[in-house]
Amino acid sequence: MLRILMACLLVSPVWVNAAEAPLEIDGAMTINVYQARQLHELGAVFIDVRPGREWSWGHVDGAVHMDLARGFFGLSQAGWPRSVPLVVYCDSEVCPASAEAVRLAVAWGYEQVFYFRQGYFAWVLADFPQQKGHSSGITTLNAQAH
C-alpha cells in the first residue's frame with residue numbers, strides 16, 4: 001500500500017495544484033523584474049506576502065514581510081498614507097497570494113500599487129539584492145512610509 005501511495009505522489013507532483021496568478025489586477029500596474037528593480041532603487045516599499053518560512057529563505061533586500069494570511073491586514077489601517085508606492089510580490093507567476101494582496105491594497109485606497117507578478121524567483125534569477133533571515137513587518141513599514 002505504501003508503494004502505491006509513493007507512486008501516486010511521484011506521478012502527481014505538487015506543482016500540478018498550483019494556480020497561475022492573473023496577468024493584471026484592476027487599479028494596479030503589473031511590472032516586470034527590471035521595472036521592479038527601478039522602483040527598488042527609487043525607494044518604493046516592497047511587500048513580500050509569502051509565508052514566514054519562505055521569507056526566511058530569502059527576500060528582496062529591504063522588503064517588508066506581511067504574510068497574506070497573517071500580517072497583511074495591518075496595511076488597511078487608516079493612518080497609512082495612501083500615496084506610498086507599494087510593490088507587492090510572492091514567489092512567482094504560480095502564486096496567487098500577491099494578486100489577492102494587490103486587490104486588497106487597491107480596495108483600501110492605495111494609489112500607487114505595483115503588482116510584481118514574476119516575484120522573488122525572477123528577482124533571484126536577475127541576481128538583484130537579496131536578504132535572508134530576520135523578521136520585518138508593519139513596524140518597518142511604518143518607518144518607510146513616514
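**Exercise 1. Which residues does Leu68 touch, not counting residues up to four places away in sequence?**

Solution. Set the ground first. This is a predicted model: local features need pLDDT of at least 70, side-chain atom pairs count only at pLDDT 80 or more, and totals for chains, interfaces and linings use all residues. Residues are numbered from 1 along each chain as its sequence is written, and side-chain values use heavy atoms, with hydrogens and water left out.

Step 1. Apply the contact cut-off: heavy atoms within 4.5 Å.
Step 2. Read off the partners of Leu68: Val49, Phe73, Ala97, Glu100, Ala101 and Leu104.

**Exercise 2. Place Leu68 in its nonpolar core.**

Solution. Step 1. Define the set. A nonpolar core holds buried Ala, Val, Leu, Ile, Met, Phe, Trp, Tyr and Cys residues joined through side-chain atoms within 4.5 Å. Buried means under 20% relative accessible area, exposed over 50%, and partly exposed in between (1.4 Å probe, protein chains only).
Step 2. Find the hubs. The largest core has 25 residues, and Ile47, Val49, Leu68, Phe72, Leu75, Leu86 and Tyr110 touch the most other members.
Step 3. Name the suppliers. β2 (45-48), β5 (86-89), α4 (97-107) and β6 each give at least two residues. Helix α4 gives the most, with 6 residues.
Step 4. Look for another core. A second, separate one of 17 residues includes Val33, Ala36, Ala63 and Val87.

**Exercise 3. Lay out the elements and the sheet.**

Solution. Step 1. Assign elements. Helices (H or I, at least four residues) and strands (E, at least two) are DSSP runs, numbered from the N terminus. The protein chain has 6 helices and 7 strands. Their order is α-β-α-β-α-β-β-β-α-β-α-β-α.
Step 2. Pair the strands. Two strands pair if DSSP finds at least two bridges between them. The result is an open sheet of 5 strands, ordered β1-β6-β5-β2-β4, with parallel pairing.
Step 3. Mark the edges. Strands β1 and β4 (64-65) each pair on one side only.
Step 4. Check one pairing. β2 and β4 run parallel and are joined by 2 bridges. Ile47 stands opposite Val64 in β4.
Step 5. Add the helix. α4 packs on the sheet and touches β5 and β6; its direction makes about 175° with that of β6. Axes here are lines fitted to C-alpha atoms, for helices over the stretch in contact, and angles run from 0 to 180 degrees between N-to-C directions.

**Exercise 4. How many salt bridges are there? Describe three pairs.**

Solution. Step 1. Use the rule: a side-chain nitrogen of Lys or Arg within 4 Å of a carboxyl oxygen of Asp or Glu. The count comes to 4.
Step 2. Take Arg117 and Glu20, at 2.7 Å, N to O. The pair links distant parts of the chain, 97 residues apart: Arg117 in the loop between β6 (113-116) and α5 (119-125), Glu20 in the loop between α1 (2-11) and β1 (29-30). Arg117 is buried at 10% relative accessible area, whereas Glu20 is exposed at 57%.
Step 3. Take Glu41 and Arg37, at 2.8 Å, N to O. Both lie in helix α2 (residues 33-41), 4 residues apart, about one turn of the helix. Glu41 counts as exposed at 55% relative accessibility; Arg37 counts as partly exposed at 22%.
Step 4. Take Arg50 and Asp48, whose closest N and O atoms are 2.7 Å apart. Arg50 is buried at 2% relative accessibility, and Asp48 is buried at 0%.
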